[in-house]
Amino acid sequence: MDELTLILNASEKRLQFALLQDMLLLHAEESEPQKNGADTLLPHIKQICEQLGLSPSGIKKIAAAAGPGNFMGIRLTATIAAAFCRANDGLQGSINYMHALACNFYAKEDEIIHIVTSGTRELVHSQCFQVVSGTMQARTDLQLIPYAELLNIPCDYCFGSGTRNEKAMEVLEKHTCTLLPASFDSPAVNSLIHCLQFVTWQKQDISPIYLKECDAIQNLPHIAKLQGRDPDACRQELDRLLNA
């Protein structure tokens, strides 16, 4: 029997997984789980395999979106990938979430697509892609930028979760690019499958793509004050624990 490949994505609000056999799509699902709703993902994947008459032990390749995006979602899928890799003596690889989004749009040769996703209250993730010889390729490095800088990035099309708030809209109204609708803001299953050709398969665990600290660390000073603690002392203790 051909080996199975599992694709996972939880970089933003949508939780997606797809199961393939020799690049043939067997099953795909996506949802917007409530708090802790993703906890059932692993047993659900097992259930789907059983319904298809397959064994989870046949999953030998696991590709997970490494971000940027939601801290917990990225860690969840990376952990599941690592677990399958160890249990099944398989391989794992990372998908650039921004690249997967860029593949949502069938751009013409040399057209530039600017992907903008939510970062912090004042910053957004930004990366441009371009079709070169029929292949969607990264044109710029991934970066965190202020909303105002969106105006200075040349592109033909722009979309992503980071374009949907008032700050971004005010800037992009002055841009000459075409702002695509929100239906492009989550990667299609076919886009995730397309990204498999760019995956480097390995035994090593997936390294999440973070350009910012998780919300818990950013909120630490506020939480410390609510508890009557010294924010600086709490941050020093956290740094000590993280580097112990």
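Helices are taken here as DSSP runs of at least four residues, numbered from the N terminus. In this predicted model, helix α2 covers residues 71–88, and M72 belongs to this helix.

It is convenient to turn to the sheet before coming back to that helix. The sheet is open and built from 5 strands, which follow the order β3-β2-β1-β4-β5 with mixed pairing. Its edges are held by β3 (24–31) and β5 (91–96); each has a single partner strand, so one side of each lacks a neighbour in the sheet. From one strand to the next, the twist averages 15 degrees.

At the β5 edge, the partner can be described in more detail. Strand β4 (residues 59–67) runs parallel to β5, and 6 bridges join the two. For K61, the bridge partner in β5 is L91.

Two helices can be placed against these strands. Helix α1, formed by residues 41–51, packs on the sheet and touches β1 (4–9), β2 (15–21), β3 and β4. The direction of α1 makes about 30 degrees with that of β2. Helix α2, in turn, lies across β1, β4 and β5, and runs at about 160 degrees to β4.

This leads back to M72, a residue of α2. Is M72 buried or exposed? With a relative accessible area of 58%, M72 counts as exposed, because the cut-off for that class is over 50%. M72 also takes part in a nonpolar surface patch with F71 and Y210. Together, these three residues offer about 290 Å² of accessible area.

Notes: Residues numbered from 1 in each chain as written. Predicted model: local features only at pLDDT ≥ 70, side-chain atom pairs only at ≥ 80, totals over all residues. Heavy atoms only, no water. Patch = residues over 30% accessible without salt bridge, like charges linked within 9 Å, V, L, I, M, F, W, Y side chains within 5 Å. Areas by Shrake-Rupley, 256 points an atom, 1.4 Å probe, with all protein chains shown as cover. Salt bridge = Lys/Arg side-chain N within 4 Å of Asp/Glu carboxyl O. Buried < 20%, exposed > 50% of the residue type's maximum accessible area, 1.4 Å probe, protein only. Pairing = 2+ DSSP bridges. Axes fitted to C-alpha atoms, helices over the stretch in contact; angles between N-to-C directions. Contact = heavy atoms within 4.5 Å.
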